[in-house]
Amino acid sequence: MEYKHSEHVAASPDRVYSVLADAENLAHFVPQLTAVHRIDGDTIEVEARYDGQAHRGEAWLHTDPDRKRIEWGVKNSDYHGSFEVHPDGDGCKLALALTTVHDRDFEHDVTGTLDAVRRLLESEV
């Protein structure tokens, strides 16, 4: 299933992108993540908590500064997502897209995550 949501962030597109493109920052801004460590190149180790359980594994994270796009996914899985940052008035538009193979509806999780990311970014950048 595919989910997309976007929100206005009262911060500059360059600043929002640079904060989110730093893998080590993601655990601070994305509520489900408890730790992210870059291993090598685009490979990262992720610790997350969702559905009441802790999960740990290897994933990939690719950043594209020209397009202000951050993509991630789990190796050998159809789960992947992206953040895109675009100028929007006095701030930027932050778009989150998520593709998952799980049966349950993630719409609430996607909108809640993006809202939490927006609030944290606005309070700190």
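**Exercise 1. Describe the overall fold of this predicted model: in what order do the elements run from the N terminus?**

Solution.
- From the N terminus on, the elements of the chain follow the order β-α-α-β-β-β-β-β-β-α.
- The counts are three helices and seven strands.
- The radius of gyration is 14 Å, close to the 14 Å given by the globule rule for 125 residues, so the chain is as compact as a globular protein of that length.
- Along its principal axes, the C-alpha trace spans about 40 × 35 × 25 Å.
- Contacts with a separation of 6 or more can be split by distance in sequence; residues 24 or more positions apart account for 44% of them.

**Exercise 2. State how confident the prediction is, and which elements have the lowest and the highest mean pLDDT.**

Solution.
- For the chain, the mean pLDDT is 90, and 96% of the residues reach 70 or more.
- Among the elements, helix H3 (residues 107-124) has the lowest mean, 85.
- The highest mean, 96, belongs to strand E6 (residues 80-88).
- Where pLDDT is low, predicted coordinates should not be read in detail.

**Exercise 3. Find the share of residues that count as buried, and identify the members of the largest nonpolar core that touch the most other members.**

Solution.
- Of the 125 residues of the chain, 38% count as buried.
- The chain exposes about 7000 Å², of which carbon and sulfur atoms supply 48%.
- The largest nonpolar core has 31 residues, and those touching the most other members are Val16, Leu20, Phe83, Leu94 and Leu121.
- Helix H1 (residues 13-21) gives the most to this core, with five residues.
- Take Leu94 as an example: leaving aside neighbours within four places in sequence, its contacts include Val16, Leu20, Phe83 and Leu121. Also among the contacts of Leu94 are His5, Ser6, Glu7 and Val9.

**Exercise 4. Place Glu7 in the structure: is Glu7 buried or exposed, and which side chain makes a polar contact with the side chain of Glu7?**

Solution.
- Glu7 belongs to strand E1 (residues 2-9).
- The relative accessible area of Glu7 is 15%, under the 20% limit, so Glu7 counts as buried.
- The partner in the polar contact is the side chain of Arg118, at 2.6 Å.
- Not counting residues up to four places away in sequence, Glu7 touches Cys92, Lys93, Leu94, Thr111, Leu114, Asp115 and Arg118.

**Exercise 5. Compare two residues of strand E7, Lys93 and Thr99, by accessibility and contacts.**

Solution.
- Strand E7 covers residues 91-99 and contains Lys93; Thr99 lies in strand E7 as well.
- Lys93 has a relative accessible area of 37%, which makes Lys93 partly exposed. Thr99, at 19%, is buried.
- Beyond its neighbours within four places in sequence, Lys93 is in contact with Ser6, Glu7, Glu84, Val85, His86, Pro87 and Asp88.
- With residues up to four places away left out, Thr99 touches Met1, Glu2, Asp78, Tyr79 and His80.
- Lys93 and Pro13 are 80 residues apart in sequence, and their C-alpha atoms are 7.8 Å apart.

**Exercise 6. Locate Lys68 and Asn76, and give the phi value of Lys68 and of Asn76.**

Solution.
- Lys68 sits in the loop between strand E4 (53-64) and strand E5 (69-74).
- Its phi is positive, about 50°, although Lys68 is not a glycine.
- Asn76 is placed in the loop between E5 and E6.
- The phi of Asn76 is near 60°, again a positive value in a residue other than glycine.
- At 85% relative accessibility, Asn76 counts as exposed.

**Exercise 7. For the loop residues Gly89 and Asp51, give the accessibility and one C-alpha distance each.**

Solution.
- Gly89 is in the loop between E6 and E7. Its relative accessible area is 84%, so Gly89 is exposed.
- From Gly89 to Asn25 the C-alpha distance is 25 Å, with their positions 64 residues apart in sequence.
- Asp51 is in the loop between strand E3 (43-50) and E4. With 54% relative accessibility, over the 50% limit, Asp51 counts as exposed.
- Asp51 and Gln32 are 19 residues apart in sequence and 9.7 Å apart in space, C-alpha to C-alpha.

Methods
Residues are numbered from 1 along each chain as its sequence is written. Side-chain values use heavy atoms; hydrogens and water are left out. Helices (H or I, at least four residues) and strands (E, at least two) are DSSP runs, numbered from the N terminus. Buried means under 20% relative accessible area, exposed over 50%, partly exposed in between (1.4 Å probe, protein chains only). A polar contact is a pair of N or O atoms within 3.5 Å; within protein, one must be able to donate a hydrogen and the other to accept it, and residues adjacent in sequence count only if both atoms are side-chain atoms. Contact means heavy atoms within 4.5 Å. pLDDT is the predictor's confidence in each residue, from 0 to 100. A nonpolar core is a set of buried Ala, Val, Leu, Ile, Met, Phe, Trp, Tyr and Cys residues joined through side-chain atoms within 4.5 Å. The radius of gyration is taken over C-alpha atoms; the globule rule is 2.2 Å times the number of residues to the power 0.38. Accessible areas come from the Shrake-Rupley method with a 1.4 Å probe; for residues, only the protein chains shown count as cover.
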